[in-house]
Amino acid sequence: MRSKAFGALTSAALLITLTAGCGGGASADDSGTVTVTVGYQSRTINTVTAGTLLRSLGYFEDELRRRGEQDGVTYKVKWQDYATGAPITAQMTAGKIDIGSMGDFPLLINAARGTQLNRPTRLVSVTGYNLAGGLNTVVTAPDSELDSLKDLRGKKVSTSVGSAADGTLVRALQQAGIDPEKDIRKLNQQPAVGASALQAGSADALSQFVAWPGLLAFQGRAKALYDGAELKLPTFHGVTVRQDFAKKRPTVVEDFLRAQGRATDYLHQHPVAASESVAKATGLPAEVVHLYNGSQGIATFDTTLKPALIAALKKDVPVLRSAKLVGDVDVDAFVDDSYIKRVYGSGYAKALAAGPPARRGGEVWLKGKETTTAFATSAELLRYVAAHRDAVRTAYVPDASTGTLWFADRAVWVSDGDELRPHVTGSGARADAAAHPGARTVSYSTARDLARAAS
């Protein structure tokens, strides 16, 4: 979604006079001020264009200020920050949050609870997505002897039941021939609790969503055991609204989506600045934020409701149903693209058809720089790092098999003649080496030395 399109659409937006009153949707107080309450997850950084970054940029307030001047109404935005999607859903079904953002599995629970409690919600846009599923990762302790998912049999695995990361764990274990209900001991824990359990040794592995796996790997507190992109099943985060609110104040929903589009443009145009901004607001290292949200990051940010994502959502329903977290969910009824289509106008079809950018050979972020340097191959990146070793803040490389971006110094490398191929997991690197006679797995420092010697 490009900013010029949004600017042009602002003047052409549908103008509907909003009456201040009680009932469905935000209501006005005695002064005539309408408060719109937005629930978001600041540390779930693939929702930043509908939460953390959007809030810091003030775009939604800008849109509502213009709306208020047109309608003679004063609008106020109330931001509420949560650790997961579950409390946002609880507040939405209680009529206390108007707009919320969360991951795909929580979105389905949001839809189910809304229907069950006669407080229906609607999915109106997407924030960040990964078509292969790379936003979720299973990690173990750095010194763990676990080599693959099959080693999890009989082990304690921490995850947040009902989250997208739990869905990844269930599917991955099933593919590995492990019963996720009987063959492991699943610990239902919040991400921070699970991270502590992994460090303390009371959990053997942790399956979590962004940004926890990257954070723990960056801190040297975990190593990747399973890359969710191996499932080749899309995962995403999106924006949900209360149906009664949307019907009462449709232009406010459109204003939010227009603001989200502007925040998406900002992230694309200023990826490093956006990473620094989100890091400041969340306390996460900027290097971790950029791993997911950068120009070559694991997530692609695009507000359109792509058919591949909706199809994946439908495939998620049986997983949640088997866990007795939802019954049947009418995904088609839950998805409402009418608002985002009005915001985009005639450009929606083209935006809908657009896919993620092509992955390259990674990027290097030098200390003190406001931009990163991209490379065509990982070997070129390694040579650059070797030549600028003391100046490198961090380096990122895409997994040679899945395309998932990872920290170069946390990747497991394969040396194969003149080629140097990075992998998120050791099992991925070993499979690569086994498939290529003469290839071998090597450490990051060895890969760097090999790249430099070949220059």
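Me: In which loop does A211 lie?
Reply: This is a predicted model. A211 comes after strand β8 (205-209) and before helix α8 (212-218), so to speak of its place is to name the loop between β8 and α8.

Me: Which peptide bond is cis, with omega near 10 degrees?
Reply: Most peptide bonds are trans. A cis bond appears here, with omega near 10 degrees. The bond runs from V210 to A211.

Me: What is the phi of N118, and where is N118 found?
Reply: Most residues other than glycine have a negative phi. N118 is not a glycine, yet its phi is positive, at about 60 degrees. As for its place, N118 is found in the loop between α5 and β4 (121-130).

Me: At what angle do α5 and α13 pack?
Reply: Two packed helices are described by the angle between their axes and the distance between the axes. For α5 and helix α13 (residues 307-322), the axes are 10 Å apart and the angle is about 75 degrees. Angles of 65 to 115 degrees count as roughly perpendicular, and therefore α5 is roughly perpendicular to α13. The angle asked for is about 75 degrees.

Me: How many nonpolar residues are in the contact of α5 with α13?
Reply: From α5 the contact takes D104, F105, L108 and I109, and from α13 it takes L313, D316, V317, V319 and L320. By class, two residues are charged and no residue is polar. The nonpolar residues number seven.

Me: How much space lies in the largest cavity?
Reply: Rolling a probe the size of a water molecule over the atoms shows where empty space is left. In the whole structure, the search finds two cavities of 30 Å³ or more. The largest cavity holds about 80 Å³.

Me: Which element gives the largest share of the lining of the largest cavity?
Reply: The lining has 13 residues, and the closest to the centre of the cavity are T168, R171, L233, P234 and T235. Two elements, α5 (104-116) and α6 (164-175), give two or more residues to this lining. The largest share, four residues, comes from α6.

Me: What pLDDT does the chain average?
Reply: Of the residues, 93% score at least 70. Over residues 1-25 the pLDDT is below 50. The chain average is 92.

Key: Residues numbered from 1 in each chain as written. Predicted model: local features only at pLDDT ≥ 70, side-chain atom pairs only at ≥ 80, totals over all residues. Heavy atoms only, no water. 1 Å grid on protein atoms, 1.4 Å probe; cavity = no way out; pocket = protein on both sides within 12 Å on 5 of 7 lines; lining within 4 Å. Points joined across faces, edges and corners; volume = space filled by probe spheres on them. pLDDT = per-residue confidence, 0-100. Contact = heavy atoms within 4.5 Å. Axes fitted to C-alpha atoms, helices over the stretch in contact; angles between N-to-C directions. Parallel < 35°, antiparallel > 145°, perpendicular 65-115°, else oblique. Nonpolar A, V, L, I, M, F, W, Y, C, P; charged D, E, K, R; others polar.
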